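This briefing walks through the packing of helices, the pairing of strands and the surroundings of a few chosen residues. Please keep the sequence and the coordinates in view while reading.

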Amino acid sequence: MFNHSNDPLDFLFGVKQILNESGIFIIEVPYWKIQIENYRFDMVYHEHITYFTVRSLKKLIEDAGLFINDIEIVESHGGSLRVIGGKKFAENDKVNKMISDEINSGILNIEYYLKAAHKIKAIRAKTMDKIFQIN
């Protein structure tokens, strides 16, 4: 339900408030990198208020005074992030590696989306052609 929240930072502040010092929280959100790279338009809809990369989740979670202690990609929603965190920091190289992969993929740059717009328009045109052929 995390990406359905109107205010994910406030949500995390609430998590921090109820979490004991050794407790953990787990959130799972569709992974934006997978969604955009695979043009998963079916995953973009009104109930998903926000979309996350590892970098954006790390910043948000740290802004709430929490830490990501483990992260993995799981198959739900065609590719989601499962984040395990808490009040205490536990060293984990996966987070930095995944952020590096996001940077190297280009998805954190506007140029990526300008190029993607051309492909999206082509996908739309092809889809519309198929729809018109049905009539």
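**Helix packing and sheet in a predicted model**

Helix H3 (residues 54-63) and helix H4 (residues 93-105) have axes that come within 8 Å and cross at roughly 130°, which makes H3 oblique to H4. The structure is a predicted model, and the points below take its helix contacts, then its sheet, then three individual residues.

**Contact of H3 with H4**

- On the H3 side the contact is made by Val 54, Arg 55 and Lys 58, while H4 contributes Val 95, Asn 96, Met 98, Ile 99 and Glu 102.
- Sorted by class, the residues of this contact between H3 and H4 comprise 4 nonpolar, 1 polar and 3 charged.

**Contact of H1 with H3**

- Helix H1 (residues 8-18) also packs against H3, with axes that come within 9 Å and cross at roughly 50°, and the two helices are therefore oblique to each other.
- The crossing in which H1 passes H3 is right-handed, and the residues that make the contact are Pro 8, Leu 9, Leu 12 and Phe 13 from H1 together with Leu 60, Ile 61 and Asp 63 from H3.
- In terms of residue class, the contact of H1 with H3 consists of 6 nonpolar residues and 1 charged residue, with no polar residues.

**The sheet**

- An open sheet is formed by 3 strands, which follow the order E1-E3-E2 and pair in the antiparallel sense.
- Strand E1 (24-30) and strand E2 (67-74) each have a single partner strand and stand at the edges, so one side of each is left without a neighbour in the sheet.
- From one strand to the next, the twist averages 20°.
- Strand E3 (residues 80-86) is joined to E2 by 7 bridges, the two strands running antiparallel, and E3 pairs with E1 over 7 bridges, also in the antiparallel sense.
- Within the pairing of E2 with E3, Ile 73 has Leu 81 of E3 as its bridge partner, and Asp 70 stands opposite Ile 84 of E3.
- In the pairing with E1, the residue of E3 that stands opposite Ile 27 is Val 83.
- The hairpin of E2 and E3 has 5 residues between the strands, and in this hairpin His 77 takes a positive phi near 60°.
- E3 is mostly covered, given that 5 of its 7 residues are buried.
- Helix H3 lies across E1, E2 and E3, and its direction runs at about 150° to E2.

**Tyr 31 and its surroundings**

- Tyr 31 is located in the loop between E1 and H2, and its relative accessibility of 3%, which is under the 20% limit, means that Tyr 31 counts as buried.
- Beyond residues up to four places away in sequence, Tyr 31 touches Phe 52, Thr 53, Val 54, Ile 73, Gly 79, Ser 80, Leu 81, Met 98 and Glu 102.
- Although Tyr 31 and Val 54 are 23 residues apart along the chain, their C-alpha atoms are separated by 8.0 Å.
- Several of these partners recur above: Val 54, Met 98 and Glu 102 take part in the contact of H3 with H4, and Ile 73 and Leu 81 are bridge partners.

**Thr 53 and its surroundings**

- Thr 53 lies in the loop that leads from helix H2 (32-37) to H3, and Thr 53 is buried, its relative accessible area being 8%.
- When residues up to four places away in sequence are not counted, Thr 53 touches Tyr 31, Trp 32, Leu 81, Glu 102, Ile 107 and Leu 108.

**Phe 13 and its surroundings**

- Phe 13 is found in helix H1, where it counts as partly exposed at 38% relative accessibility.
- Apart from neighbours within four places in sequence, Phe 13 is in contact with Asp 63 and Ala 64, and Asp 63 is one of the residues through which H3 meets H1.
- The C-alpha atoms of Phe 13 and Ala 64 are separated by 5.5 Å, with the two residues lying 51 residues apart along the chain.

How values were computed
Residues are numbered from 1 along each chain as its sequence is written. This is a predicted model: local features need pLDDT of at least 70, side-chain atom pairs count only at pLDDT 80 or more; totals for chains, interfaces and linings use all residues. Side-chain values use heavy atoms; hydrogens and water are left out. Axes are lines fitted to C-alpha atoms, for helices over the stretch in contact, and angles run from 0 to 180 degrees between N-to-C directions. Helices (H or I, at least four residues) and strands (E, at least two) are DSSP runs, numbered from the N terminus. Angles under 35 degrees count as roughly parallel, over 145 as roughly antiparallel, 65 to 115 as roughly perpendicular and the rest as oblique. A crossing is left-handed if the near helix is turned anticlockwise from the far one by less than a right angle, and right-handed if clockwise. Contact means heavy atoms within 4.5 Å. Ala, Val, Leu, Ile, Met, Phe, Trp, Tyr, Cys and Pro count as nonpolar, Asp, Glu, Lys and Arg as charged, and the others, Gly among them, as polar. Two strands pair if DSSP finds at least two bridges between them. Buried means under 20% relative accessible area, exposed over 50%, partly exposed in between (1.4 Å probe, protein chains only).
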